[in-house]
Amino acid sequence: MNSILIIVFGPLLAALVAGLGNRMIGNVAAKSVTTGALFLSAGLSWPIFLGFLGGSETATVLPVLKWVESGTLSFDWSLRVDTLTAIMLVVINSVSALVHLYSWGYMEEDPDQPRFFAYLSLFTFAMLMLVTADNLVQMFFGWEGVGLASYLLIGFWFRKPSAGAAAIKAFVVNRVGDLGFMLGIFGTYLVFQTTSIPAILDMAPAMSGATITFVGMRLYTMDILCILLFIGAMGKSAQLGLHTWLPDAMEGPTPVSALIHAATMVTAGVFMLCRLSPMFETAPTALTIVTIVGAATCFFAATIGTTQWDIKRVIAYSTCSQLGYMFFAAGVGAYGAAMFHLFTHAFFKALLFLGAGSVIHAMHHEQDMRYYGGLRKKIPVTFWAMMAGTLAITGVGILGAFGFAGFYSKDAILEAAFARHNGAGQFAFWAGAVAALLTSFYSWRLMFLTFWGKPRWAQSEHIQHAVHDGHHDSDHDNAPRQEDAGHDAHHDVPSPEDHEGTAGYHPHESPVSMLLPLAILSLGAIFSGFVFHTQFIDGEAFWNGAIFYNEDLIHAMHGVPLWVKLTATVVMLIGLAGAYVAYIAKPDIPAKFVATFGALHNFVYRKWYFDELYDAIFVKPAFALGRAFWKLGDIGTIDRFGPNGIAWVVDRSATAAKSIQSGYVYTYALIMLLGLVAAVTYVLL
Amino acid sequence: MEGLPILSLMMLVPLAGALACLFSGANAARWIALGATLVTFALGVVLWSNYEIGGPQWQFTERAELFAGFSYALGIDGIALLLIMLSVFLMPVCILASWEAIEKRVGEYMAAFLFMEVLMIGTFAAQDLFLFYVFFEAGLIPMYLIIGVWGGDNRIYASYKFFLYTLFGSVLMLIAMFWMVAQADTSDIPTLMQYPFPAEAQTWLWLAFFASFAVKVPMWPLHTWLPDAHVQAPTAGSVILAGVLLKLGGYGFIRFSLPMFPEASAQFAWLVFALSMIAVVYTSLVALVQADMKKLIAYSSVAHMAIVTVGLFAFNVQGLEGAMIVMLSHGLVSGALFLCVGVIYDRLHTREIARYGGLAINMPYYALFFLLFTMASIGLPGTSGFVGEFLSLAGIYQTSSLVALICTTGIILGAAYMLYLYRRVAFGGQVNEDAAAMRDISAREWIMMAPIAAAVLWMGVYPESFLAPMREDIAVLEARLSAAAPASDAQLAPGTPRAEAANALPHHDNAAGEGAH
């Protein structure tokens with residue numbers, strides 16, 4: 001099956017051609033090469049996936065090149081394809097191909113298009129290396145490779161200071177997770193003497209009772225290894241504590257947010273857990289931690305999502321929250337459900353992001369929902385696409401009949417958490433249920449603020465620019481822009497009575513290159529749950545050993561009480577009703593709420609003060625310590641009592657030797673050498 | 001190849017070139033130096049391709065007795081081969097980097113570089129203890145000159161500091177060498193590497209050698225000469241300083257301290273670990289607050305070399321091989337980073353980070369190279385930096401998880417200071433008009449950087465080319481060390497495996513629901 005070579009290395013070649021060719025080959029060539037490569041990869045991926053679905057494909061490993069051999073530590077470049085990989089292949093390549101296509105329209109006016117498309121393709125290559133890894137180190141290669149691409153794409157508009165800052169933050173916070181991942185690999189090698197994933201998974205059960213010392217603590221071997229690896233997953237997948245980079249990553253162009261920060265890269269942590277699921281199943285404490293962290297993230301991020309004004313940030317927190325679902329699903333042992341949610345989420349979240357991009361495009365780069373309103377009729381295709389995404393993420397559906405994508409995957413996760421029937425599972429179930437309510441609320445809030453009500457565009461700076469200039473300034477994207485950096489400082493919140501809402505601005509629907517991806521992803525958001533749920537959830541034969549398949553749990557899941565099965569739907573309706581009341585029926589409620597519960601609102605709106613906290617306990621002290629070590633340590637102590645001190649002593653006592661002091665160092669050096677030769681000669685003779 | 005004294009030839013070519021340079025005009029000297037270094041590099045390629053992997057431990061040996069048991073003995077193993085390759089690879093790059101930057105006393109300058117090449121090859125190839133010592137110490141003299149004559153404004157202080165630190169270590173090492181030769185009755189390095197020195201003597205011998213090597217590495221707190229030397233040195237001087245001279249310390253450990261004094265090495269491993277852990281955290285944080293590009297990269301060198309020292313003293317194959325790869329990689333990458341600084345220094349004559357900004361706009365290819373070397377410096381997989389760091393840290397983890405944990409924080413801090421540097425130089429708007437007017441890299445600069453970039457990627461994707469030549473030598477060393485190797489602190493105990501998976505549901509009657517716990 002050598003199509004996998006084309007699937008993986010095609011995007012790399014395309015990235016090199018577009019990136020190095022850059023202006024020499026021009027925009028159209030660069031865009032065609034990369035987009036073409038991605039459509040080819042996507043086209044070759046679906047037959048593989050359908051092959052696994054139909055049972056005609058089996059797991060294969062294609063060796064590519066030797067990598068490292070050092071003593072017993074050896075690992076090679078190779079491409080593994082099994083059920084789990086096949087799912088990721090279609091997700092990555094399909095979304096990536098559509099995002100490439102979408103970017104033709106979205107980035108039309110950007111002066112730096114070849115670079116953008118090269119980065120996108122490079123990202124895809126790294127992600128494919130990650131999911132085809134047969135050993136932990138190649139997985140780490142992909143892991144860091146996507147981190148690099150993410151860094152470059154977040155900082156794509158590098159002239160904006162905020163983009164540069166967000167890019168560094170993303171990389172460094174991810175590195176904190178990578179510290180865990182690396183130590184996890186080292187530990188795994190220490191214990192199993194290999195980094196080969198299948199070999200580790202084979203040997204893990206026999207180690208489940210083993211203990212080991214880690215940094216002075218005596219722990220269960222498998223628990224500490226899995227916890228370390230999970231720390232890596234937390235970084236990449238923006239779980240609570242290491243999530244702070246994800247919202248800032250919205251500095252990147254919106255297609256990037258859709259591909260990297262929603263559909264693919266951020267799900268790498270979930271993929272890792274599923275890939276290593278037989279290993280995690282030997283580590284109960286680690287799994288409890290996974291469950292609790294996932295559930296906490298899912299709730300925490302959803303609360304923040306309800307208060308943000310920036311349309312991309314709402315979706316970013318939503319992503320963070322949905323990743324929490326995937327993690328606690330894995331934590332309770334429902335790996336199939338976790339992968340299923342990853343699969344459906346990729347489609348509807350990419351759809352929501354690209355839809356948001358289309359709105360932003362229409363609104364002349366305004367991202368603040370307070371300046372939207374009434375767009376339903378103006379950009380109908382975008383509206384219906386966003387509607388499909390919203391129905392999918394909120395999990396609309398009727399039990400036993402039909403539902404949108406999220407209906408199947410989210411329900412399965414909640415049922416699994418309930419059916420797991422332990423403390424962490426219960427916590428996850430209730431956190432997940434509350435988060436589902438909040439999900440519904442913020443998703444509909446987004447829809448209502450954007451598409452319903454009266455236009456509130458007049459006070460948006462971007463719209464004013466558009467109206468006054470009457471044209472698009474050709475390089476507005478890469479000029480130092482204000483958005484994201486300081487909305488609150490620059491805008492007055494328009495009052496609801498503002499009747500001159502449009503300021504004469506006419507939003508325009510996006511070009512076909514952008515609408516086509518929306519249409520295709522809408523199909524995914526509508527049907528992917530309905531079509532695939534039996535295979536993902538119940539398909540032991542489909543998984544064929546690619547993940548740990550917990551048959552008892554699946555049975556228990558199907559046997560949960562009816563109220564559990566209906567919980568998701570009920571809270572979804574409550575959230576919808578709440579959003580309807582607050583943003584359509586009685587739009588003065590949010591302001592009253594903020595006035596009444598100012599402290600609480602501020603706490604949530606300020607993202608639970610994580611950024612401020614980290615700044616105070618990590619960033620500022622790091623700089624202060626650096627300065628102290630430098631000024632007080634190096635200069636004030638080592639140099640003062642070291643070389644400078646000696647110099648002072650020598651200076652005082654060397655008047656006698658002045659005659660041979662020429663002041664040039666090489667004189668000393670030559671004298672030293674001559675002295676040595678003399679000494680050697682003397683001793684040996 | 002039989003009988004051709006290729007190692008001597010590799011020293012003779014630059015030596016002849018150096019003498020010719022002394023008596024040539026500026027332009028002729030440039031071309032002579034370039035020609036000589038390229039020929040030497042070509043000889044290096046011949047050397048490498050004729051090196052027999054899995055053959056005798058010492059190859060290309062030459063020996064001529066001089067006086068009093070002191071002999072001109074050369075020969076290399078895989079470790080020396082790789083370090084010689086690194087030196088001869090970087091030399092033509094250095095000559096190119098000085099092509100326009102050096103305008104006064106060009107002949108002498110080029111001669112100093114060529115002399116240095118002779119002495120560096122000699123250091124790695126020497127098989128006689130005193131021959132090694134002479135090359136090792138004398139190799140620093142051209143460096144003193146390069147800093148002291150062609151350096152920046154504060155060059156005298158910097159070269160003085162460099163000299164003082166080095167002198168301090170050398171004296172102790174020389175005394176130890178005399179004692180060893182008297183004890184073992186030979187100055188032949190391969191013999192000494194197998195000689196069983198008594199354990200109590202090893203202790204002070206190890207410390208004497210350590211004094212010299214720790215300065216060269218440099219290890220905290222003996223590192224403060226390095227930032228000053230780098231800042232004052234001309235670009236090519238920094239490249240060689242970071243690329244090759246810093247490797248002398250690591251080479252010293254792997255050639256002398258470890259094989260000759262294995263018991264003492266094990267005994268003092270804690271000292272090396274402690275200093276290295278401090279170095280990783282301390283110098284990384286110091287690097288974070290630097291406003292001078294060269295200082296920043298100099299401090300980062302100290303942090304990277306600490307990964308070398310922990311790897312060496314991990315007493316296992318991964319640690320040793322990782323340390324070697326870090327040395328090679330750091331030689332390439334930090335050399336290249338200094339070139340990157342030099343490229344913009346040549347245009348604007350300042351190393352102050354704040355004077356630049358937005359270079360990705362007017363210098364896109366420069367920004368690309370700089371990005372690649374930045375990523376290699378922070379150990380991105382696929383670049384040479386990762387392979388070395390990964391092996392080294394994997395090695396140390398097997399000895400001590402605490403040391404591994406502290407040293408691995410270097411990957412976070414390294415990312416922070418390097419990306420912060422990159423952001424201030426290449427990202428952001430064009431705040432300074434003169435910086436915004438700088439042209440992208442010239443053909444000469446392309447020729448300097450592209451080969452290093454290729455080598456960095458080669459070593460990252462297929463490091464086998466570099467691991468294979470030293471595999472046997474590392475295995476021999478590891479075997480010699482194994483008796484003294486400290487026990488792993490992991491103390492893995494098998495225990496009884498659990499009967500069920502963690503998420504196995506309780507079966508039927510068991511209602512507790514906590515079956516797996």
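Let's start with Ser513(A) and what it touches. Setting aside neighbours within four places in sequence, Ser513(A) is in contact with Leu101(A), Tyr102(A), Trp104(A) and Gly105(A). One of these partners deserves a second look: the Ser513(A) side chain reaches the backbone nitrogen of Gly105(A) at 3.3 Å. If you want to find the serine on screen, go to helix H20 of chain A, which covers residues 512-538. And please keep in mind, everyone, that this is a predicted model.

Now to the charged side chains. How many salt bridges does a search of the whole structure find? The count is 25 over all chains. I'll walk you through a few from chain A.

My favourite residue here is Asp248(A). Asp248(A) makes a salt bridge with Lys169(A), and their closest N and O atoms are 2.9 Å apart. This pair links distant parts of the chain: Asp248(A) belongs to helix H8 (residues 245-248), Lys169(A) to helix H5 (residues 161-192), and the two are 79 residues apart. Are the two partners buried or exposed? Asp248(A) has a relative accessible area of 17%, so with the cut-off for buried at under 20%, Asp248(A) counts as buried. Lys169(A) comes out at 21%, so Lys169(A) is called partly exposed.

Asp248(A) has another partner too. Its side chain also meets that of Arg313(A) in a salt bridge, at 3.8 Å from N to O. Because Arg313(A) sits in helix H13 (residues 311-331) and Asp248(A) in helix H8, this pair ties together parts of chain A that are 65 residues apart in sequence. Here both residues, Arg313(A) and Asp248(A), are buried.

Next, a group of four. Which residues are linked in a network of salt bridges? They are Arg80(A), Asp82(A), Asp134(A) and Arg275(A). Within that group, Asp82(A) pairs with Arg80(A), with 3.2 Å between the closest N and O atoms. Asp82(A) and Arg80(A) are both buried.

Last stop, over in chain B: helix H15. This helix takes in residues 317-348, which is 32 residues. From its first C-alpha to its last, H15(B) reaches 46 Å, close to the 46 Å expected at 1.5 Å a residue. How much of the helix is covered? Mostly covered is the answer, with 30 of the 32 residues of H15(B) buried. And what follows the helix? That would be His349(B), and its phi is positive, near 55°.

That's my tour, thanks for listening!

Terms used:
Residues numbered from 1 in each chain as written. Chains lettered and ligands numbered in written order. Predicted model: local features only at pLDDT ≥ 70, side-chain atom pairs only at ≥ 80, totals over all residues. Heavy atoms only, no water. Helix = DSSP H or I, 4+ residues; strand = E, 2+ residues; numbered from the N terminus. Expected span 1.5 Å × (residues − 1). Buried < 20%, exposed > 50% of the residue type's maximum accessible area, 1.4 Å probe, protein only. Polar contact = N/O pair within 3.5 Å; in protein donor to acceptor, adjacent residues only side chain to side chain. Contact = heavy atoms within 4.5 Å.
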